[in-house]
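Me: I have a complex open on my screen and would like to talk it through with you. Could you walk me through it, one question at a time?

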Number of protein chains: 2
Amino acid sequence: MKPGGPTLGTYREVKAEILARIRNRDWKPGEIIPGEVQLARQYGCARTTVNRALRELAEAGFVERKRRVGTCVLGGNAQEARFAIPPIRRDIERTGAAYRYELLRRSAGRPPRAIAILLKLGDGGLALQAKARHWAGPAIHQVEDCWINLETVPAAAAQAFGQGGANEWLLGLTAVTRVRHVCHAMSTNAQEAGELGLSPGAAVFVLERQTWIDGQVVAWVRLMHPAASYRLSAETAWEA
Amino acid sequence: MKPGGPTLGTYREVKAEILARIRNRDWKPGEIIPGEVQLARQYGCARTTVNRALRELAEAGFVERKRRVGTCVLGGNAQEARFAIPPIRRDIERTGAAYRYELLRRSAGRPPRAIAILLKLGDGGLALQAKARHWAGPAIHQVEDCWINLETVPAAAAQAFGQGGANEWLLGLTAVTRVRHVCHAMSTNAQEAGELGLSPGAAVFVLERQTWIDGQVVAWVRLMHPAASYRLSAETAWEA
DNA sequence: GAGTGGTCTAGACCACTCA
DNA sequence: GAGTGGTCTAGACCACTCT
């Protein structure tokens, strides 16, 4: 046991110790830190324990690991944010406002070209569009516009979406194997403004989600929110 | 060995097998799945292996685990998106556009009340504001407005930020222990529009980041982007 | 008290990648 | 070929939570 190096019994302790070294700049970005075997000896624990600590630090983006090379400290420049996207109903009820769902439009048929491409629809392929509004008391909180690929999810054709939104229904499909989210801001055109109860040109926050099952596109969903009443937030903390 | 239950040797196989069962609805949302010991027997592997598979499925949000109770399948309703936030310079260069940095303002002093609160500044506490623009060729791609708590990071006072932005510098601090991101859309007022080269009222995409070191606020940063030229995207895929 | 997951250990073998 | 991380195993004990 080295001075200043007491026995560390758990992977959390080991993780915290290594993280502290990195934050202290004992181990600087670009450097290779000691190997698992050496650390295990130093800390008086099993290599498995050190391994788990390092694996989690790698997942969190603090280090990078390569076989035969070792574990390398990364400089913290890239950032990642994990935003939780709660079901809209819960999101609204949480604020205390009354939730109301309103279906605006539901129709199956041949979608516009842009949508057909997003859904990777075959030539005769049909899609189901379901557009709806979610109210928070007297205010419109979200307009959802869902396009569902009926080739991939024929079951959707049987859904009326009179009570609950298509987005919600889609989220209930457990089988999804891939998800892509995009968020951005937008100025509304006249129609969008009307649907959202805003003046044309008003800023909206847009969240789009595309989902797949085994390489087949399931749906493309666009969620639009008045800029003033929607935000996504994310928080990450590491042990003190 | 049960029929249809071949020996699974690795935690990845076990994970895929369990995921398949969940997607198949063999195990439905709300149900408790068999315990680790039983699964290990069934798959012919060590309990540790099953444990790792289940742990990762729990991290990914497919199941929830409770001691003495068991592992419960979750219905996939909540969503999570992990957005990568690349350093702005790289983001611009990636598009092929010429990157240019322009410092607009740098001044230390007593900040406005709202900022003082965000920074948890003491009564006499000073902050450093650094506002800058990032150009992509002829277009303004981002206006960054950084407020740095000089009590927490006195070293910032020595930085001129003439060449690189304060945001970038802040990201280089490895010691940060907590990060909070918020993103939303906004209509610009006259000043913001001017700084962004847009007409007043234009939509912008705003990303805000607040960072801490051991409970002390380090900085609050607001990054504003013309709506048309910025989007965040995230993609998650699970094994087929 | 009992049953579940959470973790540690010691040892082993494998996989990748560098020289 | 050699050195690193990646993973599996069998067994053990602990921590939590339900009854």
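**The protein–DNA surfaces and the chain contacts**

Reply: Happy to! Let's begin with this: H3(A) contributes the most to the surface near DNA strand C, giving 4 residues. Please keep in mind that this is a predicted model.

Me: Which elements give two or more residues to the surface near DNA strand C, and which of the elements gives the most?

Reply: Among polar contacts there, a polar side-chain atom of Arg12(A) sits 3.0 Å from a phosphate oxygen of DNA strand C. Helix H1 (11-23) and H3 of chain A, with H3, strand E2 (63-66) and strand E3 (70-73) of chain B, are the elements that give two or more residues to this surface. With 4 residues, the one that gives the most is H3(A).

Me: Which residues come nearest to DNA strand C?

Reply: There are 22 residues around DNA strand C. They divide into 3 nonpolar, 8 polar and 11 charged. Those that come nearest are Thr10(A), Tyr11(A), Thr49(A), Arg47(B) and Arg68(B).

Me: What share of the atoms of DNA strand C within 4 Å of the protein belongs to sugar or phosphate?

Reply: One contact to a phosphate oxygen of DNA strand C comes from Thr71(B), whose polar side-chain atom lies 3.5 Å away. Bases take part as well: a base nitrogen of DNA strand C is 3.0 Å from an N or O atom in the side chain of Arg47(A). Of the strand's atoms within 4 Å of the protein, bases make up the rest once sugar and phosphate are counted, and the sugar or phosphate share is 61%.

Me: Now for the other strand. Which residues come nearest to DNA strand D?

Reply: DNA strand D has 22 residues around it. By type, this surface divides into 3 nonpolar, 8 polar and 11 charged residues. The ones that come nearest are Arg47(A), Arg65(A), Thr10(B), Tyr11(B) and Thr49(B). Of the atoms of DNA strand D that come within 4 Å of the protein, the share from sugar and phosphate is 61%.

Me: How far is a base oxygen of DNA strand D from an N or O atom in the side chain of Arg47(A)?

Reply: Let's take the phosphate contacts before the base. A backbone N or O atom of Ala46(B) is 2.9 Å from a phosphate oxygen of DNA strand D, and an N or O atom in the side chain of Arg52(B) is 3.3 Å from a phosphate oxygen of this strand. For the side chain of Arg47(A), the distance from an N or O atom to a base oxygen of DNA strand D is 2.4 Å.

Me: Which element gives the most to the surface near DNA strand D?

Reply: From chain A, helix H3 (47-59), strand E2 (63-66) and strand E3 (70-73) each supply at least two residues. From chain B, helix H1 (11-23) and helix H3 (47-59) do so too. The element that gives the most, with 4 residues, is H3(B).

Me: In the sheet of chain A, which residue of E3(A) is the bridge partner of Glu64(A)?

Reply: The sheet is open, with 3 strands in the order E1-E3-E2 and antiparallel pairing. Its edge strands are strand E1 (32-33) and E2 of chain A. E2(A) and E3(A) pair over 4 bridges, and H3(A) lies across E1, E2 and E3 of chain A at about 120° to E2(A). The bridge partner of Glu64(A) is Cys72(A).

Me: How much area do chain B and chain A bury between them?

Reply: In this interface, 52 residues of chain B are in contact with 53 residues of chain A. In chain B, Asn77(B), Gln79(B) and Thr174(B) lose the most area to chain A, together 14% of what that side buries. Carbon and sulfur atoms carry 49% of the buried area, and the total is about 5000 Å².

How values were computed. Residues numbered from 1 in each chain as written. Chains lettered and ligands numbered in written order. Predicted model: local features only at pLDDT ≥ 70, side-chain atom pairs only at ≥ 80, totals over all residues. Heavy atoms only, no water. Near = heavy atom within 4 Å. Polar contact = N/O pair within 3.5 Å; in protein donor to acceptor, adjacent residues only side chain to side chain. Nonpolar A, V, L, I, M, F, W, Y, C, P; charged D, E, K, R; others polar. Pairing = 2+ DSSP bridges. Contact = heavy atoms within 4.5 Å. Axes fitted to C-alpha atoms, helices over the stretch in contact; angles between N-to-C directions. Buried area = accessible area lost by both parts, 1.4 Å probe.
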